[in-house]
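Here is a short set of exercises to work through with the structure open beside you. Try each task before reading its solution.

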Amino acid sequence: GKKEGEIRAQMIQDIGALQREFYIIEAQLNELASQRQWQVILFKSLNEDKLARNIEHTDMLTKLEQQIATFHAQQQQNTQTLNEVHTSVADIQMSMVDVKAVLTQGSPAHSTSSPTRALIPANTHVFHGRDILVTELVGVLVGGSQRHICLLGPGGMGKTSTSLAVMNHPDVEARFAEHLRVWVPCVKAPSTALLIDTLCTSLGISTKSGNPFSDILSVLRTSPPIVLVLDNFETPWSAAEGQSEVEQVIRDINRIPHVTLFVTIRSSSPPCEELPWHHVNLRAVDATAARNIYLSWHPKGNEDPELPGLLELIGHMPLAVTLMAKFAASTGLSAEDVAEKYKTLGTAVMGHGLDAKTSMDICIGLSVNSPRMAAHPEAFELLCAIAMLPAGTSYKTLFEWWARGLDGRLGVLKDTSLVEQNGTTIFVLPVIQRYILHDSRFSKQVGTSMIESACRFLEAHASDINDELYKSHSAAVSAEEGNLEAVLLTTPENQGTQDGFLLHVIRDGFLLLARHQQRRSARVNIIEHALHLARDIDDNILQGDLLFCYGESLNRADRNNGCKQLEAALDHFFSASDRVRVAKCRLTLAFATAGQADETFERCQEIIMDAQADCEATGAEGLAARCLIYLGTLHFRYRIYPIALDLLTQAEP
């Protein structure tokens, strides 16, 4: 045998290891004891795993106990060290008895208590705008035939609240007893195994066969008609791996005719689409419901005249309305001030909680940072691009002009309910848009690419009014006008002019859009922004073109100011020695000044004749004819009809 010293050292080492095991067991038991009841239910399998692993050590512990006891009996008279070991052994023996008792008591294999099912939570106390939908879904559930329900849509639309209102409806309660309406919270089940574990827990099943899903099916087959509410089903469904296994779980449950599935999911389509779903894509509530939600949390807002504008700004999304109302109530700010905070800070003003119900950032982030999105990084680029288009756009325009090469990622955004489609228009909801466009998340590379795309679009659809394609081109620009304006207005002021990018954007983006708007309306914000961006660019042609467009745009509403801008443009064209532009500007200036009371016939005629001389000198025949038309029109205004008729006749081709 071994020497006494070797045995003693080995024994002390074994005792130390044994004590460490007890410390671990003790810590885990304390953790189990301190868990709230709902945590024990939700994480039952995890706790059982921990206990099972500890139970595996009991055989080793028993053998070690016997060896220690034998050695102790033989060495009673040894040194003080062995006396101390004896004390430790005695303590360990007592601890082992206690641990074995606790482990045996906590082991699911020996549990005799009857497990309970996860019941439907109580209704949300603030719930408006879904009464018609609730009635519709209640009718589906009590109709008698197997037809599953799926509520689709982004986070914050009230899918869970709607499901609770349906499941707690008196007609549903009368049809299904309490234990036959089972709540299955899928938010913590990012895999098939955890989904099955959650189903076991919610159904109150203690696994005995070694095949938990088989036990689930057995319980469901022998059950009366039952409804399983799978809330936040996007968690297992959009997991990076194992969707086919989750599909199989749903299909196997579907084969049991008296089981109804009620699914809420962040998606635009239900799982296993071939199943008999009654699916509804939840949209925002109407203005009245949004107002009622807001006032439920902040009654003092009832007299605020700016409240409708605030609610429209956030798109009447129920969770956004709730969080905005709470923010206003806690700060005492008016709806107008809250709106300004929102424009400045974005979705960060909508709650600072730790979950999706109390923080809009967390709510949206669950979709943006989902495994499905993480597996396809280009999908976020596409999301950024669509978020920059406030009016939404068609599939053809989106992928032909705005996001070339990213069409394969649209399905990912629909699956995660980050984009919506209404008819042929694809768009991002206002609150999600604000979240995506925040500086901390938005891709500047995408922003630059979108500005370039806007310029390409405008260049491709730039036509003169006499061009045969003018009508179709103008219609195409009008359809995208809101998006083109929004994108161009994101052009950074500090871009600089060294690489020519800013000059390109102003000339081929802002100026082309401003000319389109000038023909159709009196809007001047685009041309004014372009003048602001170009203030430091030393280019007479560019400055003259901008001022010329600005003057023409102003002539409709403010002719005096319009003439001033045209005169400033004329100076730039003179400095650039561009006689064609000088002629065009003179004609427009003459036509504008002719309507002013303080301008004489002689002054207007002089301007037009000067323009005519410029046209003849440059050989611009079209402009020369236009000079005759303007001159004839001037004579007509002053009732000099014979000369007017002669001039207009000369202008004919």
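**Exercise 1. A strand and its partner**

How many of the residues of strand β2 (residues 181-185) are buried? Then find the strand that pairs with β2.

Solution. Please keep in mind that this is a predicted model.
- Step 1: Check the residues of β2 one by one; 4 of its 5 residues are buried, so the strand counts as mostly covered.
- Step 2: Look for bridges. There are 5 between β2 and strand β3 (residues 226-231), and the two strands pair in the parallel sense.
- Step 3: Pick out one pair of residues across the bridges: Pro 185 of β2 has Asp 231 of β3 opposite.

**Exercise 2. The edges of a sheet**

Work out the strand order of the open sheet that contains β6, β7 and β8, and say which strands stand at its edges.

Solution.
- Step 1: A reminder helps here: strands of a sheet pair through backbone hydrogen bonds, in either a parallel or an antiparallel way.
- Step 2: Reading across this open sheet of 3 strands gives β6-β8-β7, and the pairing is antiparallel.
- Step 3: β6 (393-394) and β7 (420-422) each have a single partner strand, so they stand at the edges, and one side of each has no neighbour in the sheet.
- Step 4: Now take the β7 side. Strand β8 (residues 425-427) is joined to β7 by 3 bridges, and Asn 422 has Thr 425 in β8 as its bridge partner.

**Exercise 3. A helix that falls short**

Compare the end-to-end distance of helix α24 (residues 470-488) with that of a straight helix, then locate its bend.

Solution.
- Step 1: α24 has 19 residues, and a straight helix would reach 27 Å at 1.5 Å a residue.
- Step 2: In the model, the end C-alpha atoms of α24 are only 22 Å apart.
- Step 3: Follow the helix to Glu 480, where α24 bends by about 60 degrees.
- Step 4: Ask about the surroundings. The buried residues of α24 include Tyr 470, His 473, Val 477 and Leu 484, and Glu 480 is also among them.
- Step 5: What do these buried residues pack against? Their partners are β6, α20 (395-402), α23 (444-460), α25 (501-520) and α26 (525-533).

**Exercise 4. Two positive phi angles**

Cys 272 has a positive phi although it is not a glycine, and so does Ser 577. Place each residue in the chain and decide: buried or exposed?

Solution.
- Step 1: The phi of Cys 272 is about 50 degrees, and that of Ser 577 is about 55 degrees.
- Step 2: Cys 272 sits in the loop between β4 (259-265) and β5 (277-281). Ser 577 belongs to the loop between α28 (559-575) and α29 (579-593).
- Step 3: Buried means under 20% relative accessible area, and exposed means over 50%. Cys 272 has 5% relative accessibility, so it counts as buried. Ser 577 has 63%, so it counts as exposed.

**Exercise 5. Rings and charges**

How many aromatic pairs does a search of the whole structure find? Classify two of them.

Solution.
- Step 1: The search finds 5 aromatic pairs.
- Step 2: For Phe 233 and Trp 237, the ring centres are 6.2 Å apart and the planes are at 25 degrees, so this pair is stacked. Both residues are buried.
- Step 3: Trp 401 and Phe 457 make an edge-to-face pair, with 5.3 Å from centre to centre and 80 degrees between the planes.
- Step 4: This second pair links distant parts of the chain, as Trp 401 is in helix α20 and Phe 457 in helix α23, 56 residues apart.
- Step 5: Check burial: Trp 401 is buried with a relative accessible area of 15%, and Phe 457 is buried at 3% relative accessibility.
- Step 6: Finish with the charges. Arg 404 lies over the face of Trp 401, at 5.7 Å from the ring centre, while Arg 175 lies over the face of Phe 176, at 4.9 Å.

Notes:
Residues are numbered from 1 along each chain as its sequence is written. This is a predicted model: local features need pLDDT of at least 70, side-chain atom pairs count only at pLDDT 80 or more; totals for chains, interfaces and linings use all residues. Side-chain values use heavy atoms; hydrogens and water are left out. Two strands pair if DSSP finds at least two bridges between them. The expected span of a helix is 1.5 Å times one less than its number of residues. The bend at a residue is the angle between axes fitted to the seven residues ending there and the seven starting there. Buried means under 20% relative accessible area, exposed over 50%, partly exposed in between (1.4 Å probe, protein chains only). Contact means heavy atoms within 4.5 Å. Rings of Phe, Tyr and Trp (its six-membered ring) pair if their centres lie within 6.5 Å; planes under 30 degrees apart count as stacked, over 60 as edge-to-face and the rest as tilted. A charge sits over a ring if NZ of Lys or CZ of Arg is within 6 Å of the ring centre and within 35 degrees of the ring normal.
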